[in-house]
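Here's a quick walk through a multi-chain model, written for someone who'd rather see the cut-offs than guess them. Have the viewer open while you read.

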Amino acid sequence: MTVPESAEGRPAKIEIAELRVSYGDVHALRGVSLPVHPNEILGITGPSGSGKTTLLRTLNRLNDRVRTARTSGQVLLDGEDVYDPEADVYDLRRRMGMVFALPTPLPKSIFENIVYGLRIAGVRDHRVLREEAERALRGAILWDEVKDRLHEPAMRLSGGQQQRLCIARTLAQRPEVVMLDEPCSGLDPISTLKIEQALQALKERYTIILVSHNVQQASRATDRTAFLLMGELIEWGPTAEMFTRPKDPRTADFFEGRFG
Amino acid sequence: MKAKEWLIERALLLMALSAVTSLALIAIFVLAQGLPIMLREGLGSFLLGHRWAPTKHAFGILPMMVGSTCVTLGALALGGPLGVACSVFLAEVAPRRVADVVRPAIQLLAGIPSVVFGFVGITVLVPLIRNHIGGPGLSVLAAAIILGVMILPTVISISQDAIEAVPRTYKEAALALGCTPWQAITRVILPAARPGITAALVLGMGRAIGETMAVIMVIGNAVKIPHSLLDPARTLTGSIAMEMGYASGEHREALFATGVVLFVFIMVLNTIVNLRLGRRREAS
Amino acid sequence: MRRVNPEVTHRAASVGLWLSAGLALAVLAYIIGLVLVRGLPAVTPHFLLASPERMGRAGGIFPTIVGTLFVTTVALLVATPLGVGTAIYLTEYARIGRLAAVIRFGAECLAGVPSIIFGLFGFIFFVITLQLGWSVLSGGLTLAVMVLPTIMRTAEEAIKAVPASYREVSYSMGATTWQTVTRVVVPAALPGIVTGIVLAVGRSVGETAATLFTAGASLRLPTSLLSPTRTMAVHFYILAREGLSETHAYGTAAVLVVLILAINTLANWLMLRFRAKTQ
């Protein structure tokens, strides 16, 4: 099965073809094929355990670190094979920023958290670091809240602030794609709203993949949605269409809350 | 980047092999020095010979083997029960605040240098034995008492771990059936913790056999097989420590050979404990 | 068939257990108390800063303090990188399970070797074979091998306790393993690692059998790595064995005990801070 072209004929930012992942005997992804368009917010939704997180981790090869993981299929980023043996994994991960489900600040100051990615890339000019930090924090809509306490420990921020910190952290690296795995789980509605607003502003510059098992969020915050069920990609398409006229009965069931 | 990472990993691997390498070096060098004389004299006559007079070509270490054995068994007899009792105390009986004081105190006991123990032994314990019990004071008994105290931290900490590893439900079930807490301890918890407690005692034994400085200060170092607790004696470790300073040639080789016996014995002991403890840990 | 009421046995046993703990504490208190009471009066500034006279019957213990310091420093400078490096390798890099098991087994065995055997080994290997002679270096290297398992164990525990999420974040941002280790893992594990180092210092300071045959027993102030020297513990042993001066012996013992008390307290405090941070 070939990778379907996008409706508008634009080349896809990421092309996923027949991706299969298993952890030992457990099949997490069973032949997923999906394009990700540049500058869109793609939602990936489905009940817990459907393989959504596995999919993200396969895209930035974070799953390489899991010893029992077996991967087959193809992932192309701007047309280049991500799993090519010559490929630079470190550069790949910089280009595909990741935000995890629970806020995960490093045990450092707010500033050091943001510039961590820059430091490991070898950037030392303090002026550059400060500028990039401000840019990233503004992008995550966190600058005004922390600009006076950049050198305080990041752990002292509230949950919602920490999560926006994590978004700023990846933005500082100037990624091309930002992947967020259930970023709003455990956050209050106001923090959730702030993050969704930030994402809307960000999509002008970045391609965004948003995993969420929360159906309302998926309908609210995304341009296109893909529905994963037990490792299988059931269907995908523009969000409005998916929600009003889903083609597969399982999709309809999930969106109407009949399981999940 | 990748090349640098590969180099770093290799470098760390080399570092990680340092422990194994050191152990191998120790084994090789000590054996190289001690084995020849053991083979020349014959293993039997070395291990079981009554007479130790290295300057006169007599290399029997039996008196020291007996001395070490007596002292170690004595230490176990004194420190073992006391240590297990203390560990039961810490794990089951002591209120939080008391345990918070006792536990660091026991660790402190572990930190006191053995020469200090020996010194207190020789200034206080030895005269006590001499005046109130009999004999010259410098005796197997004195060494056993000192060693019994010195192995307490080892016995206590490992036994405590073993007791605390017993699932709470065992004790609760016993109490629910009408046992007093003490009955629950003796009938359920201690039997369940038996492998760990045995390991603690074996490791304590290893510590006692290997102890040198405290022992030589209170045991009298007479190269004779002791016939009573009040007799002076000499241990394998004591032999080495006392004579190494001026030994040369065959004499020195014989001391290394004594070291070989010690080393082999302790390695065997440790390996057994590690294998059994390791298996238990995996099983649970 | 029960002749004694189990409640009574329980009470008696409780008393017995409290007495046991009390006995252990009493012995500890007695030893420390005895040494401090008889020894502290002898610890004057002169005692600490002057050189020994008449083989230690008079004067002070300054060269032995310096000797202890030198030997312990050498031991730590060698054992810390090796121990921490091993811990890092075991937790972050080791791919083959068997190799890791062998390394750990080696460390466990090394931990069980009696100090007199270290003395023998240090003598034949460092003093004789490597021709370092009785020296600070010989003593320090021997002690390094002796405390290596201690540092390894505590460092490994500390590194393992670092939350996996820190590592995940670092890797997801494109950091290499070494970058993750040096910038995130080790800084987070530092209190635990330092605790191990402090414990190793405690062991080194109190050690006699291993240093007696490797660093020597010279009373002269050590001036270089190859100078022979006498550590405080060895000095104390010689004073006691030769019966040269009971007051000076007690004085040296008092200094040793105070030092070890301080080190232990530091280690305990660090461990509390380490536990607090990871919870």
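What follows goes through the fold of chain A, two residues with unusual backbone angles, and then the contacts made by chain C.

First, the bookkeeping. This is a predicted model, in which local features need pLDDT of at least 70 and side-chain atom pairs count only at pLDDT 80 or more, while totals for chains, interfaces and linings use all residues. Residues are numbered from 1 along each chain as its sequence is written, and chains are lettered from A, with ligands numbered from 1, in the order in which they are written.

**Chain A overall**

Chain A has 10 helices and 10 strands. Both are DSSP runs numbered from the N terminus: helices are H or I with at least four residues, and strands are E with at least two. In box terms, the C-alpha atoms of chain A fill roughly 50 × 45 × 40 Å along the principal axes. What does the radius of gyration say about chain A? A compact globule with 260 residues would come out near 18 Å, and chain A has 18 Å, so the two agree. (The radius is taken over C-alpha atoms, and the globule rule is 2.2 Å times the number of residues to the power 0.38.)

Of the 260 residues in chain A, 47% count as buried. Here buried means that 20 or more other C-beta atoms lie within 10 Å of the residue's own, exposed means 12 or fewer, and partly exposed is in between, with C-beta atoms placed from the backbone. Among contacts in chain A with a separation of 6 or more, 70% link residues 24 or more positions apart. A contact needs C-beta atoms, again placed from the backbone, within 7 Å.

**Two open sheets in chain A**

Strands of a sheet pair through backbone hydrogen bonds, either parallel or antiparallel. For the pairing below, DSSP has to find at least two bridges between two strands.

One open sheet has 4 strands in the order β2-β1-β4-β5 of chain A, with antiparallel pairing. Its edges are β2 (26-36) and β5 (80-81) of chain A, each pairing on one side only. Strand β4 (residues 69-77) of chain A runs antiparallel to β5(A), and 2 bridges join them. Look for Leu76(A), which stands opposite Asp81(A) in β5(A).

Another open sheet has 6 strands, ordered β6-β7-β8-β3-β9-β10 in chain A, and its pairing is mixed. β6 (96-99) and β10 (232-238) of chain A are the edges; each has a single partner strand, so one side of each is left without a neighbour in the sheet. On average, neighbouring strands of this sheet are turned by 15° against each other, direction ignored. (Axes are lines fitted to C-alpha atoms, for helices over the stretch in contact, and angles run from 0 to 180 degrees between N-to-C directions.) β6(A) pairs with strand β7 (residues 177-181) of chain A in the parallel sense over 4 bridges, and Met96(A) stands opposite Val177(A) in β7(A).

**Two positive phi values**

Most residues other than glycine have a negative phi. Arg61(A) has a positive phi near 60° and sits in the loop between α1 (52-59) and β4 of chain A. It counts as buried because it has 20 C-beta neighbours inside 10 Å. His57(B) has a positive phi of about 65° and is in the loop between β1 (52-53) and β2 (58-59) of chain B. Is His57(B) buried or exposed? His57(B) counts as exposed, because 11 C-beta neighbours lie inside 10 Å.

**Chain C and its contacts**

Chain C is divided into domain 1 (6-42) and domain 2 (45-278), with bounds from an automatic or database domain assignment. The C-alpha centres of these two domains of chain C lie 30 Å apart, and 7 residues of domain 1 are in contact with 8 residues of domain 2.

Toward chain B, 69 residues of chain C are in contact with 64 residues. α1(C) gives the most to that side of chain C, 19 residues. Toward chain A, 13 residues of chain C are in contact with 16 residues. The largest share of that side of chain C, 6 residues, comes from α7(C).

The table splits each side by class: Ala, Val, Leu, Ile, Met, Phe, Trp, Tyr, Cys and Pro count as nonpolar, Asp, Glu, Lys and Arg as charged, and the others, Gly among them, as polar.

| Side | Nonpolar | Polar | Charged |
|---|---|---|---|
| Chain C touching chain B | 49 residues | 17 residues | 3 residues |
| Chain C touching chain A | 7 residues | 5 residues | 1 residue |
| Domain 1 of chain C touching domain 2 of chain C | 5 residues | 1 residue | 1 residue |

Methods
Two residues are in contact if their C-beta atoms, placed from the backbone, lie within 7 Å.
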